[in-house]
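Let's take a walk through this structure together, one piece at a time. Keep the view open as you read, and turn it whenever a new part comes up.

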Amino acid sequence: MVSNSSIFGKIFLWLIRPFRFIFTPNGRNRMNRVFPMRNPILWLVLLTSLLLTGCVKYDVGLNFDNSNSGELVQHIKLGERLTSFSGDSVYEWLNSIERRARQLEGKTQRVSQEEIIVTIPFSSGRELQEKFNEFFNARANQPSESVQSESDSELPKIESNVLLEENNFLLLVRNRLIYDLDLRSLSLIASKGNVLANAGSILDLEFSLKTPWGAKNIQLTETAIEPEKNGNQLVWKLQPGELNHIEAIFWLPSPLGIGGLLIILFVSGGLYLRYNFMPDPRIQFPPKAAAIQEQ
């Protein structure tokens, strides 16, 4: 049965799968023979840190052109160590991302077997919310149900939600972006209660916002994430194991309002020229009746 789970949860499931053998009785015996240590978990933490550091780089970005045009861009790059451990299951996850992007009228660019760029367009704040939340909380219909059914109950619960509030001021639109990503369930990678490694050493997660005139970060608490500014782009480094809350305010030009203003100016300019710089048509072209009477 396919579960309604987050894609980040699946990453962690595949990360810990290669090490599950250690937590079986036979696995512990093998570890004790090879490494004479009372607590083999310490060895496992060291191995994980060495082998899995920087395994997954996941960048999510919102790029706005104006209030009626923008793109949701995702750049995913998997480390070679992860793909060598997890094998086909990781590649199947990337394939599922491609399928979901096409369902949302998006396109994908497969840079390599381990790297993919996904672009999903949107034409309004409401469409952005629908596509963003549907993509990150969608049911991943994967064909490998045998692997899926075994792992569904072990996936950590992750909630992701984006909200965009818009206020139209004719020529400009004021936007308030609110993004919540709950990664508290990923504070530690664990299997059957045994700690494996710190999630921050494995996942490199970033969220960015790019607008024509830049954006202002709203820092509600002292512990809130402080973004890096790169021109008109703000970049937040997400923290695994924490509740990530992001708020920002930015202004966008309104094509509809600007177009309406140009039409009004064009019509007003035509009327002004007509009655101030052009002769009255009644004088320039007298009625035919008046011309006949003069004859």
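Before we start, one term: two strands count as paired if DSSP finds at least two bridges between them. Keep in mind, too, that this is a predicted model.

With that in hand, look at S9 and strand S12 (residues 233-237): five bridges join them, and they run antiparallel. One spot to pick out here is Leu209, whose bridge partner in S12 is Leu234. On to the helix that goes with this sheet. Helix H6 (residues 125-136) packs on the sheet and touches S1, S2, S4 and S9. The direction of H6 makes about 165° with that of S1.

Now for the sheet as a whole. It is an open sheet of seven strands with mixed pairing, and the order is S3-S4-S2-S1-S9-S12-S11. What stands at the edges? Strand S3 (107-112) and strand S11 (228-230) do, each with a single partner strand, so one side of each is left without a neighbour in the sheet. On average, and ignoring direction, neighbouring strands here are turned by 15° against each other. As a bit of background, strands of a sheet pair through backbone hydrogen bonds, and they can do so parallel or antiparallel.

Both kinds of pairing show up around S1. With strand S9 (residues 203-210), S1 pairs in the parallel sense over eight bridges, and Lys57 has Asp204 in S9 as its bridge partner. With S2, S1 runs antiparallel, joined by 10 bridges. If you want landmarks along that pairing, Val60 stands opposite Gln74 in S2, and Asn63 stands opposite Glu71 in S2. Is S1 largely enclosed or largely open? Eight of its 11 residues are buried, so S1 is largely enclosed by the rest of the structure.

S2 has another partner as well: S2 and strand S4 (residues 115-122) pair in the antiparallel sense over eight bridges. There, His75 has Ile117 in S4 as its bridge partner.

Go back to where S1 meets S2. The two strands form a hairpin with two residues between them. Ser67 sits in this loop, between strand S1 (56-66) and strand S2 (69-78). Why does Ser67 count as buried? Buried means under 20% relative accessible area, and Ser67 counts as buried because its relative accessibility is 10%. Leaving out residues up to four places away in sequence, Ser67 touches Ser123, Ser124, Glu166, Val173, Leu252, Pro253, Ser254 and Pro255.

Another loop to visit lies between S12 and strand S13 (243-253), and Leu238 is found there. Leu238 has a relative accessible area of 6%, so this residue is buried. Setting aside residues up to four places away in sequence, its contacts are Leu181, Leu205, Glu206, Phe207, Ile225, Asn244 and Ile246. Leu238 and Leu183 are 55 residues apart along the chain, while their C-alpha atoms are separated by 8.9 Å.

Our last stop is on the surface. Ile263, Phe266, Val267, Leu271 and Tyr275 form a nonpolar patch there, with about 610 Å² of accessible area together. Tyr275 belongs to helix H8 (residues 255-276). Is Tyr275 buried or exposed? Tyr275 is exposed, because its relative accessible area is 60%.

Key:
Residues are numbered from 1 along each chain as its sequence is written. This is a predicted model: local features need pLDDT of at least 70, side-chain atom pairs count only at pLDDT 80 or more; totals for chains, interfaces and linings use all residues. Side-chain values use heavy atoms; hydrogens and water are left out. Patches are made of residues with over 30% relative accessible area and no salt bridge: like charges are joined within 9 Å, nonpolar side chains (Val, Leu, Ile, Met, Phe, Trp, Tyr) within 5 Å. Accessible areas come from the Shrake-Rupley method with a 1.4 Å probe; for residues, only the protein chains shown count as cover. A salt bridge is a side-chain nitrogen of Lys or Arg within 4 Å of a carboxyl oxygen of Asp or Glu. Helices (H or I, at least four residues) and strands (E, at least two) are DSSP runs, numbered from the N terminus. Buried means under 20% relative accessible area, exposed over 50%, partly exposed in between (1.4 Å probe, protein chains only). Contact means heavy atoms within 4.5 Å. Axes are lines fitted to C-alpha atoms, for helices over the stretch in contact, and angles run from 0 to 180 degrees between N-to-C directions.
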